[in-house]
Amino acid sequence: MNTALWTVQVLWGVFFSITGFGKILWYNPTLWNQALHEVPWLSGVPQNLSIFIGVCEFLGGVGLILPAITRVKPKLTPIAAIGLTLVMILAAVFHIARGEYNFLPINVVLGGVAAFIAYGRLFVRPIAPAWISSFRVFKGMAVLGALVLVDFAPVWYRLTHIY
C-alpha cells in the first residue's frame with residue numbers, strides 16, 4: 001500500500017505541478033490569448049481565476065511530494081490531496097453546468113486518486129514527522145530542483161516560444 005501511495009503521489013504531484021505552472025504562465029496576455037484558442041472551456045473562466053486555479057494546482061502538486069519525502073510537516077500531504085480533490089470536484093461541477101460531459105471522466109479520475117492519496121496518508125499509511133535537519137533541507141531542495149527540470153522548463157519553453 002505504501003508503494004502504491006508513493007507511486008500515485010509522485011505521478012499526481014508531477015502532473016498537477018506541470019498543469020498548474022502552465023496555468024500560472026497565463027498571466028502573460030499573449031499566452032492567455034493563445035490558450036483561449038487551444039483550451040475549449042477557458043472562455044468561461046476569467047483570467048485571474050484561471051491563474052488562481054493554476055497556483056492551487058501547482059502548490060497542491062508540490063504538496064503531494066515535498067512534505068512526505070522530507071518528513072517535515074507530512075500532514076500537509078493529505079491536506080494538499082484534499083485541496084486537489086476539491087479543485088477537481090469544482091471543475092466537474094463547472095463542466096456539468098456548461099454541458100461539457102466529455103471532461104467528467106478526467107475530473108473523476110484525477111479527483112478520485114487525489115482522494116485516495118488523502119485517505120491513505122491520513123488513515124492507512126500516514127508518514128511520521130521528523131525533525132528538520134540539513135539533510136532534509138537538502139533533500140527538499142533536490143526535489144524542487146528535479147521538479148524544475150522535469151516539468152517547469154519544458155512547460156515554460158513551450159508556452160513562451162510562440163511562433
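**Close-up views of a six-helix predicted model**

**Figure 1. Contacts across the chain.** Take the contacts in the protein between residues at least 6 apart in sequence: 76% of them join residues at least 24 apart. The model is predicted. Six helices and zero strands make up its elements. From the N terminus on, the order reads α-α-α-α-α-α. The radius of gyration is 17 Å, close to the 15 Å that the globule rule gives for 163 residues, so the protein is as compact as a globular protein of that length. Along its principal axes the C-alpha trace spans about 45 × 35 × 20 Å.

**Figure 2. The largest nonpolar core.** This core has 18 residues. Those with the most contacts inside it are F21, L25, W26, V39, W41, L42 and L147. Three helices each supply at least two residues of the core: α2 (29-38), α3 (47-70) and α6 (134-160). Of the helices, α6 gives the most, with four residues. In soluble globular proteins, nonpolar side chains tend to be buried together.

**Figure 3. Close-up on L147.** L147 is among the residues with the most contacts inside the largest nonpolar core. Set aside its neighbours within four places in sequence. L147 is then in contact with V14, S17, V62, I65 and F152.

**Figure 4. Another nonpolar core.** Apart from the largest core lies another, of 14 residues. Among them are A81, V87, A114 and I117. Across the protein, buried residues make up 42% of the 163 residues.

**Figure 5. P126 in its loop.** P126 is found in the loop between α5 (104-124) and α6. With a relative accessible area of 46%, P126 is partly exposed, because that class runs from 20% to 50%. Leaving aside neighbours within four places in sequence, P126 is in contact with G120 and R121. K75 is 51 residues from P126 in sequence. In space, P126 and K75 are 8.0 Å apart, C-alpha to C-alpha.

**Figure 6. Surface and charge.** The protein exposes about 9200 Å². Carbon and sulfur atoms supply 75% of that area. The side chains include 10 positive and 4 negative ones. The centres of the two sets lie 20 Å apart.

Technical notes. Residues numbered from 1 in each chain as written. Predicted model: local features only at pLDDT ≥ 70, side-chain atom pairs only at ≥ 80, totals over all residues. Heavy atoms only, no water. Core = buried A, V, L, I, M, F, W, Y, C linked by side-chain atoms within 4.5 Å. Buried < 20%, exposed > 50% of the residue type's maximum accessible area, 1.4 Å probe, protein only. Contact = heavy atoms within 4.5 Å. Rg over C-alpha atoms; globule rule 2.2 N^0.38 Å. Areas by Shrake-Rupley, 256 points an atom, 1.4 Å probe, with all protein chains shown as cover. Lys, Arg positive; Asp, Glu negative; His and termini not counted. Charge placed at Lys NZ, Arg CZ, Asp CG, Glu CD.
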